[in-house]
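Biologist: Could you take me through the enclosed spaces and the packing of this protein, giving the cut-offs behind each term as we go?

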Amino acid sequence: MSWFGHSAWLLGAGLLVGCGSDSVASPFTRDAGSDAGDAGLVPDADGGGDPDLGGPCVDDGQCDDGVPCTFDRCDQSLGRCRNTPDDSQCLDAVYCDGLEVCDRQLGCVEGEPITCSDKDTCTIDACDEESLTCSHVPRDADSDGDPDHNCGGQDCNDSEPGISGLLPEICANAVDDDCDGETDEEPCQAVSHNACGDAQDMLAPGTYAFSTAGAARDYSASCSRVDTVDVVGAIVVPGTEPLDVDVIGRSASPLELAMAAQCGDASSELGCDASVPTQSGQSVSRLWMRSLAPGAYPLYVFAPSGAAQEVTLNFRAGSSAPSNETCGSATDVALGVHEVAQVVGVTQDLESRCSVAVGELVYHFTLDQPRDVRVFAASIDGVGQPSLSLRDVGCVGLGAELVCQTAPSAALFARALPAGDYFLAVSSTAPDQIDFVIEDTAPSTPPADEDCSSPPLLTPGKAQPIDFADHVDDVGLSCLSGAVDAVYGLDLAQASDVLLVQRLSDGDAGALGLMEQSGGACGAELACKRADVSPLRLRKHALPAGSYDVVAESAAGTPSEITALLRPASAATLVPFADTCDQAIQIPAEGGFFQGSTVNASADYDAGCDYGVQPKGGAADQMLKLSLSETKRVVFDMQGSGYATLLNVRRGPSCPGSELMQACSVGFSEGRSYLDLTLEAGDYFVQIDGYNRASGQWFLDVFVADP
C-alpha cells in the first residue's frame, strides 16, 4: 500500500468524542448551528476534501484521535482537528514484509510485502533480509553453482552436483564431468583420497589440502549432512605414548570432520563435528581427540561436491577432556594468573545474553573484600572470538549473569563487586583455545555518565564524546547484549522530533536507547537500535515534553560520540509530485519530515555517486529545496526508506544546481542515505534519487542546527 492509499477520514459530529480531552471542553455540539459560525469556526466545512481534517477544536489537547501513529493538532485557521498519518511511526525491523503504513482509523497496518519477481523462469527470486535487497539467483537445481544450459549456465546435468562446467574433468570414470562434450579427455584430474584405500597420508603436523571434486558418498558419520560427499585422510599417531590429535578443517563451504577407530566401520566413530561460520567468512570444524594410542586413524571430511578444504593437524601431549563443564564442577582459579580454556567439543550448559554456538567451561574465584574485577581474554589459535560471562554465586540461569561480552579481545569489567564467590563461563564463537586472566583492583568511583541515577545533560546539536574505558554494562538495552554503556539526560521543553546520532570507532558495534526517566533509575525503554557501522541513528517523532535518558553502548568499549538533534514536533509533509526543480517542495528553515514515492516519478537528474554508467537521469527522482539565510549544520537522514536510496545535495540558485563535494550519499542498508553537512547561506536543491535505478517509498528527516 502506498501512502496514497490511506483510508479517508470520516468527517462530522460523530467524531467529536475522539477529539475530546480534559484540557478544554469542546464548545461544539452536533447542532451547533450558527453559534459555531459566530465564533468564526465552521465545523461542517469539508476542508476542501482534506482527509487529515477531523472535528472542531480550540486547542491541540482536544485532537487526540487515539491512533498512536497520527500527528494530532488543532488547525487554528480552520478550528478543526488535523490528524496526519506518519508511516514512519509504524516501521518494524523487518524489511521483506514491506513498509508498514498508518491508517487513520486502524492505526499501523501491514503494507505490501516486497515483491522480487523479475518474471524470469531461470532465476530464483527472494527477498534477502540481511542485505535488504531482492536477490535473483540463477536457477540451479543441483546447487553446484553452475546454472543449467537452458538458463545460460554450463551445467549439462542439473540433477548431479558432481557434474558442471565449473568442475575439472575426472579421469577414467566415463563421465563428462566438465560438460565440454568429451569424456575422460586430457587434462583430467584423478579422484584423490575418495576411499580408505586411497586416503591422504597425514603422518606429521601440518596443513593438508583436500578436494571433493569427483568424490562420492562412501561413508557416514553422526553429524554429516545427507547432501555431501566425502574424502579420507589417514592420521598416524607416532611414537609409543598416547597423544592428543587436534584437527581443524576450514572451507568456504560448510563441512564436517569425523574420526573413527576403523575405516569404514561407522560403529567405531570416535568423534564428529559440524562446522560453524566465522567472522572471516570461512566455515570451521574442529576435532580434539584425547590420548589416542599410536596407530592409524581415518579422518572423514564431508563437504559439497567440488569444494576445497584445508585441514590442519597437530599432535599434543596426551590429556583428559576438561571436567569443568558445569557450575558444579567449576575449576578454581587464582586472580592474576593466566589460564587456558579449551572450548573444543564442550557442551553448552549455561544461558547467556552473549550466547554463541560453542559450549563453555566454568571457573570459580572468591573475593574476600569489595573489588573491581576485570577479565581479559584472547584467542590462542585465531579461530574464534572469546565470549565471557561473569556470574554471581547462583551461577545458573540468566538471572545469575552479572555481565557478559563477546569481542575479538574481550575486556569484561564489573565495578565494586561485594566479597563472595563468583563464576566465569568462558566460550568462543568457534572451537578455540582461549587465554584469559581475572584481575582485581580497589573499587573505583563511577564516572558521571555511568547510569541513570544522575546523568549529565546533552546539549542539543553539540557532539558529546564518550570514553568507555571505565564503564560497565549496567543498562539492559533490548537490542544489544554484553556492551558497556554510558547514560545522558535529554530535556525537552516542548513536544519534539528527535534524532540521536552515535559515531563509532572502526570495527566496533554500538547501540542507542531512549528511555523514560524514573526517579533516578532507568525507566521504560521507548526505542532501541543497534548497528555495526557508523553513524548509528535513532529517530523518535513527536516525543512529548519532559525528561529522558539516552543510553549509548559500545560492544568493544572503544571511544564514541553522540549528538542529539531536535526540532519542534511537526506532521509529516507528503510529497506527491516535486518531479523537477520548479516543482520542488520547500523545506522550512528549521527542517522537517517528508515522505514520498519515486515509483511514478521521472528520471530527470544525474548523480555523481550513482552506480557505474547509467542512462541519462538514472533512477526516478523528486526534488526539495532548502534556503538558508546564514551558515548552518544540516543533517539529512533517510532511514526507514524502502529501497536503495541516493541522496544528492546541490548548490543553487540555478536549477538543478551544482553538486557539492561529499554531499552525495548512497544507502544500501537499513540506515539508508545520510548526510551531515555545513552549508553556507544560499539556496540548495535536495535530490531524492535511487541507486542503480532503484525506486520506491522514501522518508527524509531534515534537522537544522548551528554549525
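The questions and answers below deal with cavities, a nonpolar core and one strand.

Modeller: This is a predicted model, in which local features need pLDDT of at least 70 and side-chain atom pairs count only at pLDDT 80 or more, while totals for chains, interfaces and linings use all residues. Residues are numbered from 1 along each chain as its sequence is written, and side-chain values use heavy atoms, with hydrogens and water left out.

Biologist: Which strand gives the largest share of the lining of the largest cavity?

Modeller: A cavity is a set of points, on a 1 Å grid over the protein atoms alone, where a 1.4 Å probe fits but cannot get out, and its lining residues have an atom within 4 Å of a point. The structure holds 2 cavities of 30 Å³ or more, and the largest has about 100 Å³ of space, a volume being the space filled by probe spheres set on grid points joined across faces, edges and corners. Of its 13 lining residues, S352, C354, E360, S387 and S427 are the closest to the centre. Strands are DSSP runs of E with at least two residues, numbered from the N terminus, and the largest share of this lining, 3 residues, comes from β22.

Biologist: What is the volume of the second largest cavity?

Modeller: Its lining includes V403, F413 and D473, and β23 (401-406) and β24 (409-417) each supply at least two of the lining residues. The volume of this second largest cavity is about 50 Å³.

Biologist: Which strand gives the most to the largest nonpolar core?

Modeller: Such a core is a set of buried Ala, Val, Leu, Ile, Met, Phe, Trp, Tyr and Cys residues joined through side-chain atoms within 4.5 Å, where buried means under 20% relative accessible area with a 1.4 Å probe and protein chains only. The largest one has 27 residues, and F636, I688, W698 and L700 have the most contacts inside it. Among the strands that each supply at least two of its residues are β38 (622-628) and β43 (682-690), but the strand that gives the most, with 4 residues, is β44.

Biologist: Why is β11 largely enclosed by the rest of the structure?

Modeller: Two strands pair if DSSP finds at least two bridges between them, and β11 is joined to β15 (residues 283-292) in the antiparallel sense by 8 bridges, with L243 opposite L292. β11 also pairs with β17 (residues 308-317), again antiparallel, over 9 bridges, and there V247 has L313 as its bridge partner. β11 (residues 243-251) is largely enclosed because its buried residues number 8 of the 9.

Conventions. 1 Å grid on protein atoms, 1.4 Å probe; cavity = no way out; pocket = protein on both sides within 12 Å on 5 of 7 lines; lining within 4 Å. Buried < 20%, exposed > 50% of the residue type's maximum accessible area, 1.4 Å probe, protein only.
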